[in-house]
Amino acid sequence: MGLIDSLLTLPLAPVRGTIWLAERIEQIAYEEATDPAAIRAQIAEIEEAHEAGELSEAEAERLEAPLIRLLLEGGAEAARR
């Protein structure tokens, strides 16, 4: 049955490949978005913009809060492993 199943589902191969590729892209994007080094770099950019007067204190805090939350959640997740 393996050969027959393979032949019958062969037309779906491009769809399966596309789904696999989309899942892989999602995984990589998640890993990059939650990478502590990338998060710290974003926080540093926000701090530089604040020091340069491009952002107010409130704006800087509003932008930093979710990034700090991600860092803390990442640390908690790493501790669970």
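What follows is a working chat about a predicted model, covering its nonpolar core, one buried charge and its surface.

Me: Since this is a predicted model, let's start inside: which residues make up the largest nonpolar core?

Reply: The largest nonpolar core holds seven residues in all, namely Ile 39, Ile 43, Ile 46, Ala 49, Leu 55, Ala 60 and Leu 67. Helices α3 (36–51) and α4 (57–80) each supply at least two residues of this core, and α3 gives the most, with four residues.

Me: OK, and what does Ile 46 touch?

Reply: Setting aside residues up to four places away in sequence, Ile 46 touches Leu 55, Ala 60, Leu 63, Glu 64 and Leu 67.

Me: Glu 64 is in that list, so where is Glu 64 found?

Reply: Glu 64 is found in helix α4, and, when neighbours within four places in sequence are left aside, Glu 64 is in contact with Ile 43, Ile 46 and Glu 47.

Me: Is Glu 64 buried or exposed, and which side chain of opposite charge is nearest?

Reply: Glu 64 is buried and yet has no salt bridge, the nearest side chain of opposite charge being Arg 62, at 11 Å. A salt bridge would need a side-chain nitrogen of Lys or Arg within 4 Å of a carboxyl oxygen of Asp or Glu.

Me: Back to the core, then: why does Ala 49 count as buried?

Reply: Ala 49, which lies in helix α3, counts as buried because its relative accessible area is 14%, and buried means under 20%. Leaving aside neighbours within four places in sequence, Ala 49 is in contact with Glu 54 and Leu 55.

Me: How far apart are Ala 49 and Ala 60?

Reply: They are 11 residues apart in sequence, and their C-alpha atoms are 8.3 Å apart in space.

Me: Changing topic to the outside, which residues make the nonpolar surface patch of about 260 Å²?

Reply: That patch is made by Leu 12, Val 15 and Ile 19. Val 15 lies in helix α2, which covers residues 13–33, and with a relative accessible area of 45% Val 15 is partly exposed.

Me: And Leu 8, is that one buried or exposed?

Reply: Leu 8, found in helix α1 (residues 2–9), counts as exposed because its relative accessibility is 64%, and the cut-off for exposed is over 50%.

Me: What separates Leu 8 from Glu 48?

Reply: Along the chain Leu 8 and Glu 48 are 40 residues apart, and in the model their C-alpha atoms are separated by 58 Å.

Key:
Residues are numbered from 1 along each chain as its sequence is written. This is a predicted model: local features need pLDDT of at least 70, side-chain atom pairs count only at pLDDT 80 or more; totals for chains, interfaces and linings use all residues. Side-chain values use heavy atoms; hydrogens and water are left out. Patches are made of residues with over 30% relative accessible area and no salt bridge: like charges are joined within 9 Å, nonpolar side chains (Val, Leu, Ile, Met, Phe, Trp, Tyr) within 5 Å. Accessible areas come from the Shrake-Rupley method with a 1.4 Å probe; for residues, only the protein chains shown count as cover. Buried means under 20% relative accessible area, exposed over 50%, partly exposed in between (1.4 Å probe, protein chains only). A nonpolar core is a set of buried Ala, Val, Leu, Ile, Met, Phe, Trp, Tyr and Cys residues joined through side-chain atoms within 4.5 Å. Contact means heavy atoms within 4.5 Å. Lys and Arg count as positive and Asp and Glu as negative; His and the chain ends are not counted.
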